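Here is a short report on strand pairing and burial. Please read it alongside the coordinates.

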Amino acid sequence: MRGIVVALGVVAAIIGLIWGFQRRLIYLPMPAEVPPAEQALAGAQEVELTTDDGLRLGAWLLRPPEEADLDVAVLVANGNAGHRGMRAPLAEALADEGLTVLLFDYRGFGGNEGSPSERGLASDVRAARAHLVDEIDFTDERLIYYGESIGTGAVAGLAVEHPPGGLALRSPFPDLAEVGRRHYPFLPVRTLLWDRFPVAEQVARVEVPTVVIYGEADTIIPPEMSREVADSAAGPTQTVPVPGADHNDRALLDGDRLVQGVAELARAVAGR
């Protein structure tokens with residue numbers, strides 16, 4: 001009996017630690033500072049975003065070559081690790097396809113103040129959209145929201161509030177609890193989680209052209225989860241499976257299939 005009590009106490013302690021420190025497990029900002037835009041991304045402009053709760057976020061704006069400009073902008077919502085400098089190859093590749101690209105870091109990332117959370121990321125992507133609309137003069141119909149992994153949760157919510165011209169989801173999941181249950185099947189994840197990111201539920205409310213890109217060998221967000229999101233989307237949807245790609249492989253950063261999937265969506269938004 002004593003052994004059972006001790007075991008239950010250990011389990012309770014583990015659950016308590018996970019409950020209390022869960023956001024440190026979900027959000028993984030790098031301690032390194034972001035380099036200046038001109039060092040990381042030729043031609044990029046330093047900009048600053050202001051959130052509705054008063055935070056200032058670092059961002060880069062990259063415009064395409066004038067002769068290739070589609071007059072479409074891509075708002076890039078990062079995954080749960082790193083910073084915008086690591087997405088510079090993606091921005092460069094999309095700009096070469098004729099797109100204006102906004103890279104930014106969430107609160108707590110890339111030297112920004114604040115601590116990340118579902119509500120915080122929602123505020124951050126709102127600030128990114130507001131910059132493109134209010135400062136750069138893009139209409140929502142000329143915007144593509146591009147979300148990467150946990151960023152798909154941020155842009156799915158934004159799309160419900162402000163439907164864009166198109167939605168690009170890289171490695172999306174139905175909701176965060178499903179991912180947690182996959183990796184921690186012994187824990188009551190749905191009960192413990194503070195942040196939900198109900199991607200499938202939200203894209204079911206957004207009738208815009210959508211492309212879902214995923215790695216066929218993804219060990220973090222299994223392919224079937226991304227396909228479930230694609231099946232839930234209310235708008236016309238295309239899937240772009242990337243053979244052999246795991247979650248953090250280069251092919252899912254700026255690989256040809258990924259870039260062309262977003263570029264095709266942009267040409268449709270541009271009417272070309």
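## Strand pairing and burial

Strand S7 runs parallel to strand S8 (residues 166-170), and five bridges join the two. Within this pair, glutamate 148 is bridged to arginine 170 in S8. The connection from S7 to S8 passes through helix H5 (residues 150-161), a right-handed β-α-β crossover. This is a predicted model.

S7 also pairs with strand S4 (residues 72-77): five bridges, again parallel. Here alanine 77 has glycine 147 in S7 as its bridge partner.

How many residues of strand S7 are buried? Six of the six (residues 143-148) are, so S7 is largely enclosed by the rest of the structure. Both faces are covered. Leu143, Tyr145 and Gly147 are buried on one side, and Ile144, Tyr146 and Glu148 on the other.

Strand S3 (residues 56-62) is mostly covered, with six of its seven residues buried. S3 pairs with strand S2 (residues 45-50) and with strand S6 (residues 99-104), antiparallel to S2 and antiparallel to S6. Alanine 59 in S3 sits opposite valine 47. In S6, alanine 59 is bridged to phenylalanine 104.

S2 and S3 form a hairpin with five residues between them. Glycine 54 lies in the turn and has a positive phi of about 90°.

The pairings are listed below.

| Strand pair | Sense | Bridges |
|---|---|---|
| S4 and S7 | parallel | five bridges |
| S7 and S8 | parallel | five bridges |
| S2 and S3 | antiparallel | six bridges |
| S3 and S6 | antiparallel | four bridges |

Conventions. Residues numbered from 1 in each chain as written. Predicted model: local features only at pLDDT ≥ 70, side-chain atom pairs only at ≥ 80, totals over all residues. Heavy atoms only, no water. Buried < 20%, exposed > 50% of the residue type's maximum accessible area, 1.4 Å probe, protein only. Pairing = 2+ DSSP bridges. Right-handed = clockwise from strand over helix to strand, strands pointing away.
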